[in-house]
Amino acid sequence: MDQAVSVNADPDMPSDSEGRSSRWRNWTGFWLLGLCNNFAYVVMLSAAHDILKQQGSHNSTSPTPSTVALDVEGGKRSSYDCSPVSTAAVLLADILPTLMIKFSAPFFVHNLPYGFRVLVCVATAIASFLVVSFSSTMWISVLGVIFASVSAGLGELSFLSLTVFFSRDVLGGWGSGTGGAGVAGALLYSGLTQAGLSPRNTLLIMLVVPVAMVISYFFLLVFPPSFPQWKCREVESVRGRDSQSRQPLLDDTDEEEEREKGAEGVFIMSACEDKVTGPLTCIEKLHITKGLLRFVVPLGVVYFAEYFINQGLLELLYFPNFSLSHAEQYRWYQTLYQVGVLVSRSSLCCVKFRRIWALSLLQCVNAVLLLLSVYYQFLPSAWLVFVIVLYEGLLGGAAYVNTFYFISKETGDRQREFAMVAASVGDSLGIAISGLIAFPVHRYFCSL
């Protein structure tokens, strides 16, 4: 088999053809790609409160009700310290373009060479930082956030599908890097702005991140010799190897029995196995997508609950007698959430957890608890919210990295690249729905 399409031959260990140095470079490369890819997305969410406040002040020269509502320390027209527009507005601008890309790209993105995709990601990330930095109106700021969304969405599905050309341990590097993006982005933004740097200058400093993506991809990764960097590739596979690469979902279940039952966790339908060479057909892709639902739906629920918390509720959980201002409390909520994500997305080498539905249930419990706390205001201090938000990040990160690990493990060679791309829609769909619901929730509480 062509080395470029020899995908994830060993489900747990790196390929023997990779030396120790190459394996380390690839793991580090994917860690940096995960960091750079999600960085702009995270920064825009961390800056959401500042973006809304800045545009509110730019668009008004007198203390209207809207600008009064933006004054964190001044009088409030509501029992909650609300901005006139929910931070969910920034969330929707940050996720809807990503969602559109992830819904449509699995059916055409294979026609775009990987090198070209990476350059598009870099260009749109640079545009996002520049546009938001120099914007003077809300709509220009939203356009900048949209650029960040396009970069993150195209990058995520491209780099996830790219992992199939390397040993499976690079998934751990990618997951840890995306978690690191959350911590680095939130900490840098929170730290630099709290140190006195303006949001505009903070965003301009972060232009080094897209440059780091170029270096990581083109100079750090060790690609297979025949990897099609600047041209489309033809997918080839053989039935024997394809079957060997698929694993039963329950390790303690007899393999033969699982085969007879159809190996319910293996996404490849018999109709897909009849054709073992060439690109996947639309019918095959639809069969694979149907099989992915058992993982994608729980992942979507996890992300719906956590982003409903992050962009719909945390802005309303303000403790006026705390040592931090409202804007500072919001930034550190986001930062602690990202710390939890980093820890759990880096845990793949230590523990693997397949029951994503349990994580989704626990995340929903968090959402209900914090919704009730916003309504009844029974939480005594921001410190308790900090702990809950950290725990929320742990659940979300674990759901993400384990979902893609088991999809990679349980999918055949020929179908794996498409499966990784198609499954990436789960978290984005959950986030988009949470943003839509957060709008009426925000308006309701601000009217009280």
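## A loop residue with a positive phi

Glutamine 377 is found in the loop between α15 and α16. In this predicted model, the residue has a positive phi of about 50°, although glutamine 377 is not a glycine. With a relative accessible area of 49%, glutamine 377 is partly exposed; the category of exposed residues begins over 50%.

Serine 373 belongs to helix α15, which covers residues 356-376. Its relative accessibility is 2%, so serine 373 counts as buried, the limit for that category being under 20%. Leaving aside residues up to four places away in sequence, serine 373 touches Leu317, Phe378 and Leu379.

## The chain as a whole

The secondary structure of the chain consists of 18 helices and 0 strands. The chain has 448 residues, and buried residues make up 57% of them. The chain exposes about 18,300 Å², of which carbon and sulfur atoms supply 65%.

Contacts also show how the chain is connected. Among contacts between residues at least 6 apart in sequence, 84% join residues that are at least 24 apart.

## Spans listed as transmembrane

An unreviewed UniProt entry lists several stretches under "transmembrane region", including residues 30-48, 114-132, 138-159, 171-191 and 356-376. The last of these spans has the residue range 356-376, and helix α15 is given as residues 356-376.

Two of the listed spans can be described in further detail. Residues 138-159 are 100% helix and 0% strand, and the C-alpha atoms at the ends of this span lie 31 Å apart. Residues 171-191 are likewise 100% helix and 0% strand, with 29 Å between the end C-alpha atoms.

## Aromatic pairs

A search of the whole structure finds 24 aromatic pairs. In one of them, the ring centres of phenylalanine 304 and phenylalanine 308 are 6.2 Å apart and the ring planes meet at 20°, so the pair is stacked; planes under 30 degrees apart count as stacked. Both residues lie in helix α13 (residues 282-313), and they are 4 residues apart, about one turn of the helix. Phenylalanine 304 is partly exposed, with a relative accessible area of 25%, whereas phenylalanine 308 is buried, at 7%.

Another pair has a different geometry: the rings of phenylalanine 322 and phenylalanine 386 have centres 6.0 Å apart and planes at 75°, so this pair is edge-to-face, as planes over 60 degrees apart are classed. The pair links distant parts of the chain, for the two residues are 64 residues apart. Phenylalanine 322 is in the loop between α13 and α14 (326-345), and phenylalanine 386 is in helix α16 (residues 382-409). Phenylalanine 322 counts as buried at 16% relative accessibility, and phenylalanine 386 is buried with a relative accessible area of 8%.

## A cluster, and charges over rings

One aromatic cluster is formed by Phe30, Tyr114, Phe159, Phe165, Phe166, Trp174, Tyr217, Phe218, Phe223, Phe227 and Trp230. Tyrosine 114, a member of this cluster, also has a charged neighbour: arginine 117 lies over the face of tyrosine 114, at 4.1 Å from the ring centre.

A second arrangement of this kind involves lysine 352 and tyrosine 405. The charged end of lysine 352 sits over the ring of tyrosine 405, at 5.3 Å from the centre of that ring.

Conventions. Residues are numbered from 1 along each chain as its sequence is written. This is a predicted model: local features need pLDDT of at least 70, side-chain atom pairs count only at pLDDT 80 or more; totals for chains, interfaces and linings use all residues. Side-chain values use heavy atoms; hydrogens and water are left out. UniProt positions are given in the numbering used here, feature names are shortened, and annotations may be inferred rather than shown by experiment. Rings of Phe, Tyr and Trp (its six-membered ring) pair if their centres lie within 6.5 Å; planes under 30 degrees apart count as stacked, over 60 as edge-to-face and the rest as tilted. Buried means under 20% relative accessible area, exposed over 50%, partly exposed in between (1.4 Å probe, protein chains only). A charge sits over a ring if NZ of Lys or CZ of Arg is within 6 Å of the ring centre and within 35 degrees of the ring normal. Contact means heavy atoms within 4.5 Å. Accessible areas come from the Shrake-Rupley method with a 1.4 Å probe; for residues, only the protein chains shown count as cover.
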